[in-house]
Amino acid sequence: MAGHGALVAPLTPADGTDRVHRRPDGTGLPDPGDLPARTDPPSPGLSGFPAPSDPPALPAPANPSSRASLSGRADLSGRADLSGRADRVAGLAGAGAGAVVQFLTVVLVARGTDPRTAGAFFAATTLCLLAATVLRLDAGNGLVHLIARSRPSGHPDATGHPHAVDRPRTTGHPYAVDRPRAAGHLRAAMVPVASLSSAVGVVAFLTVSDPALRVLAVALPAVTCSGIVVSATRGFGSMRPTLLLTGVLQPVAQLVLVGTAVMTGGGDGGGGGGSVAPLVAAWALPYPVVLLLAWLWLRRRLPGTSGPPGAARELWNHTWPRSLAAGIQAVFQRLDIVVVAWLAGPAEAAVYTAATRFKVVGQLAGQGLAQAAQPRLVRALAEGDLPRARELYRSSTRWLVALTWPIWLGYAAFAPWLLGAVFGEEYAPGAPVALVLAATMLLATGCGMADVALTAAGHTGAGLAYLVAALTTTVLLDLLLVPSLGPLGAALGWAGGTVVKNLLPLRHVHRRYGLRPLGPWRRHRARWTRSARKAQRARPAWRAR
């Protein structure tokens, strides 16, 4: 979710006029005094890639008659727009490649080990990722925001005007940032997160007896800190470390190492905890390597100083409101597998994991559309352009439905055969889970990006409340249904939480801003009524033939 405060002022002036001042030549620009301060849009929630923001609006030059200055700024804006699109495409490509490799890892473990061992592996690694995401305190997104906004004292922009904009330029090369301040922000993030994750890892290592969980307790600090350090590299305007490290190196290394452990018999042994330990060790080994390489990349660009005073206060004042939302989102996304393993057993957790892995395929399309539409939606809401915001919301929903509904309908139709063919015959009983998943995703995608629109409008408090309501619904339904229904109960619990997570924000943005996923209901009802009447009138003529 977004950080603190509302992103937008009241969206329409009291007198109903548009907030535009006219130049002598008749052109108009939004009045800078009427535009509120903007913050970076939030992550859509898949693979840790925050959605890049759209290029900053460039204010008018000091001399309006300077055509050279205007042309230079227009050229900069065009290059920034191309770079922003390239970053979004690169981020989506990296997330897609990583998701595909992770899916292959799940298939490899499911087919190479028995369901009990596979379920124990899935539950243990999910618990580790859940703990790491909570322990990061959303410091990674805070670093991206603050490092990208910092600029060296007196540094000019591409047009030669010092401090013409308060955000770094988004051209193809890394940003020019205030390196001492960036070093202070990085230190302020790493010290508490590393200390907290190390303390939790030590406590877990001393209190649990399962060998697999003890291995993950040792790896927990590296898993936690690697995500923060990789996120910090994006603050310099470079997507290359993220793509190479978390998009290629980490998932490919996990696939190779886990596959080696499976082929050498690391997953055998009747499904006990000792048999899972080699698998989770192979899965966790790439994280220290990613952490080291990302840290070396940063060390080449940052001084070895502690940074200016106040860097820690600036970071955590920006980050702490987001930390709670990020932790709740992580629990909502990953808790179901852990609950199934706890209440129904690891074999049932393996079936549930396999049946829900296809969820990533549909989420990739949603992430790509969110990254493309979210910055424009933020801008439209910030400028009070409600017709534009409504059109963006409707068009993105139509594209989301067109891209994902065939996937979910096909998955619902072929789930029994697909689960057995991909994961093995032991996983075919997960077909009811797949049907619940498909039906829920049809409803969720039909609602559009309601949570994204809610956050873009600055209603972070309402978004957090709705997320808590969704998590509470999921946990209660899981506790009631999983003991008797197993994986199907967990799917129903997740479906209930997902419905709450989508319908409540949709109701909010509809009542406040008139945003509808598929346009006004009356217009569609009238169109369907006319089509039905035409069909009814044509039926007697057809019968007469």
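Colleague: Contact here means heavy atoms within 4.5 Å. Leaving aside its neighbours within four places in sequence, with which residues is Lys359 in contact?

Modeller: This is a predicted model, in which local features need pLDDT of at least 70 and side-chain atom pairs count only at pLDDT 80 or more, while totals for chains, interfaces and linings use all residues. Residues are numbered from 1 along each chain as its sequence is written, and side-chain values use heavy atoms, with hydrogens and water left out. Lys359 has its place in helix α11, residues 359-382, where helices (H or I, at least four residues) and strands (E, at least two) are DSSP runs numbered from the N terminus. Beyond the four-place window, the contacts of Lys359 are Trp408, Leu437 and Trp494.

Colleague: Which side chain of opposite charge is nearest to Lys359?

Modeller: Lys359 is buried, that is, under 20% relative accessible area, with exposed meaning over 50% and partly exposed in between (1.4 Å probe, protein chains only). Lys and Arg count as positive and Asp and Glu as negative, His and the chain ends not being counted. A salt bridge requires a side-chain nitrogen of Lys or Arg within 4 Å of a carboxyl oxygen of Asp or Glu. Lys359 has no salt bridge, and the nearest side chain of opposite charge, 4.6 Å away, is Asp336.

Colleague: How many salt bridges does the count come to, and which helix holds the partner of Arg181?

Modeller: The count comes to four salt bridges. In one of them, the side chains of Arg181 and Glu314 meet at 2.9 Å, N to O. Arg181 lies in helix α4 and Glu314 in helix α9 (residues 311-343), so the pair ties together parts that are 133 residues apart in sequence. The answers are therefore four salt bridges and, for Glu314, helix α9.

Colleague: Is Lys501, the partner of Asp451, buried or exposed?

Modeller: The side chains of Asp451 and Lys501 meet in a salt bridge of 3.3 Å, N to O. Asp451 belongs to helix α14 (residues 450-456) and Lys501 to helix α16 (residues 487-513), so the pair ties together parts 50 residues apart in sequence. Asp451 is partly exposed, with a relative accessible area of 31%. Lys501, at 17% relative accessibility, counts as buried.

Colleague: How far apart in space are Thr445 and Arg398, C-alpha to C-alpha?

Modeller: Thr445 lies in helix α13, residues 431-446, and is buried, with a relative accessible area of 6%. Arg398 is partly exposed, at 41%, and its side chain meets that of Glu391 in a salt bridge of 3.4 Å, N to O. Thr445 and Arg398 are 47 residues apart in sequence, and their C-alpha separation in space is 9.2 Å.

Colleague: How many residues does the largest nonpolar core have?

Modeller: A nonpolar core is a set of buried Ala, Val, Leu, Ile, Met, Phe, Trp, Tyr and Cys residues joined through side-chain atoms within 4.5 Å. Phe423 is among the residues with the most contacts inside the largest core, as are Phe121 and Trp283. Not counting residues up to four places away in sequence, Phe423 touches partners including Phe103, Ala354 and Phe358. The number of residues in that largest core is 55.

Colleague: What share of the residues of the protein counts as buried?

Modeller: The secondary structure comes to 17 helices and two strands. Of the contacts with a separation of 6 or more, 79% are between residues 24 or more positions apart. Among the 545 residues of the protein, the buried share is 48%.
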